[in-house]
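Visitor: Got a minute to walk me through this one? I'd like to start with whatever catches your eye.

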Amino acid sequence: MTRHPLLYALAAIVLWASLATLGAAVSSLPPFFTVGVSLMIGSLCALKHWREWQVPPATLLLGVTGLFGYHFFLFLAFRLAPAVEANLLNYLWPLLIVLLSPVLLSGYHLSARHILGALAGFAGAALVVTGGQLSINLAALPGYGSAVLAALLWACYSLLTKRVRPFPTAAIGGFCLLSGVLSLLCHTLMEAPVSPSTSQWLTLLLLGAGPMGLAFFLWDKALKLGDPRQIGALSYLTPLLSTLLLVASGRGQLGPTTGAAIALIVGGALAGTLDWQALRRKLSAR
């Protein structure tokens with residue numbers, strides 16, 4: 001595979017887009033059980049390189065906080081707040097990656113195109129997730145806060161992997177394994193026991209191999225090599241592709257706001273990822 005970081009990011013985004021469709025197939029299973037099993041399966045993607053899982057304690061803490069912390073607060077949000085609003089707040093993470101890049105990383109600054117691209121992407125994600133209808137329930141404020149915290153944790157994890165001592169991408173396997181163990185511990189403490197069917201085990205295998213496994217490795221590679229401002233803008237393709245995949249699988253339908261959402265997300269991704277000055281130079285050279 002080419003070493004172009006946006007292609008690594010796009011591959012991760014495509015895998016994450018399958019999460020909703022696969023998750024719907026195991027929606028009857030307790031969420032922490034699903035996450036725990038999937039992450040442990042995901043760790044097998046790097047089992048061949050298990051010797052590279054040994055990283056400094058600070059790096060291990062960052063990895064587990066990112067993977068386990070994100071999923072813990074996301075599922076807490078779904079318990080405490082309406083799913084649509086919680087999911088929308090969860091999709092603050094690409095915007096936060098863009099906005100926090102110059103705060104957490106040296107050598108980065110924000111231009112108007114980065115900010116406009118990220119805001120357009122978030123507006124498009126809002127249309128996709130809410131269908132143009134949004135309600136605020138004050139009793140769900142703890143859930144809203146949990147969703148925002150989940151988004152903040154994922155954005156900070158994504159950016160801070162560029163600040164800690166360089167570590168091999170294979171070490172993500174160790175992050176997945178420990179996060180999976182913690183998720184199964186939460187399942188034991190907070191959820192009822194479950195016995196998945198054969199088809200559910202196969203779906204869990206697909207979840208662990210794709211959106212809850214390989215995607216994390218591709219994401220790490222993209223962030224190590226690429227510009228987080230561009231990657232953050234591109235990430236709003238996730239809810240769009242997820243919605244389209246749900247429709248294709250017969251589990252969703254396109255509403256009248258989908259066209260506007262597509263225009264906002266694709267336009268925002270182009271605005272945030274393309275080097276317009278270089279493009280103009282190429283066009284003028286012709």
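Guide: Sure. Keep in mind that this is a predicted model. I'd start with Lys224, which lies over the face of Phe167, 3.7 Å from the ring centre.

Visitor: OK, rings then. How many aromatic pairs does a search of the whole structure find?

Guide: It turns up 15 aromatic pairs. One of them is Trp154 with Tyr157, a tilted pair at 5.1 Å centre to centre, with 40° between the planes.

Visitor: Where do Trp154 and Tyr157 sit relative to each other in helix H8?

Guide: They're three residues apart in H8 (residues 141–160), so about one helical turn separates them. As background, an α-helix has 3.6 residues a turn, so residues three or four places apart point the same way.

Visitor: Is Trp154 buried or exposed? And Tyr157, buried or exposed?

Guide: Trp154 has a relative accessibility of 3%, so it counts as buried. Tyr157 is at 4%, and that makes it buried as well.

Visitor: Which aromatic pair does Trp154 form with a residue of helix H10?

Guide: That's the one with Phe216, tilted again: 5.9 Å between centres and 55° between the planes. This pair links distant parts of the chain, since Trp154 is in helix H8 and Phe216 is in helix H10 (residues 198–225), 62 residues apart. Both Trp154 and Phe216 are buried.

Visitor: Which residues form one aromatic cluster with those?

Guide: The cluster is made of Trp16, Tyr70, Trp93, Trp154, Tyr157, Phe216 and Trp219.

Visitor: Trp16 is in H1, right at the start. Which residues of H1 are buried?

Guide: Trp16 is on that list, together with Pro5, Leu6, Tyr8, Ala9, Ala12, Ile13 and Ala17.

Visitor: What span should helix H1 have, and how far apart are its end C-alpha atoms?

Guide: H1 covers residues 5–17, which is 13 residues, and at 1.5 Å a residue it should span 18 Å. Its end C-alpha atoms are 18 Å apart, so the two agree.

Visitor: Switching to the outside: which residues make the nonpolar surface patch?

Guide: Leu60, Leu177, Leu178 and Val181 make a patch of about 260 Å². Helix H9 (residues 172–190) gives the largest share, three residues.

Visitor: And where does Leu60 lie?

Guide: Leu60 lies in helix H4 (residues 57–80). Its relative accessible area is 31%, so it counts as partly exposed. Patch residues need over 30%.

Terms used. Residues are numbered from 1 along each chain as its sequence is written. This is a predicted model: local features need pLDDT of at least 70, side-chain atom pairs count only at pLDDT 80 or more; totals for chains, interfaces and linings use all residues. Side-chain values use heavy atoms; hydrogens and water are left out. Patches are made of residues with over 30% relative accessible area and no salt bridge: like charges are joined within 9 Å, nonpolar side chains (Val, Leu, Ile, Met, Phe, Trp, Tyr) within 5 Å. Accessible areas come from the Shrake-Rupley method with a 1.4 Å probe; for residues, only the protein chains shown count as cover. A salt bridge is a side-chain nitrogen of Lys or Arg within 4 Å of a carboxyl oxygen of Asp or Glu. Helices (H or I, at least four residues) and strands (E, at least two) are DSSP runs, numbered from the N terminus. Buried means under 20% relative accessible area, exposed over 50%, partly exposed in between (1.4 Å probe, protein chains only). Rings of Phe, Tyr and Trp (its six-membered ring) pair if their centres lie within 6.5 Å; planes under 30 degrees apart count as stacked, over 60 as edge-to-face and the rest as tilted. A charge sits over a ring if NZ of Lys or CZ of Arg is within 6 Å of the ring centre and within 35 degrees of the ring normal. The expected span of a helix is 1.5 Å times one less than its number of residues.
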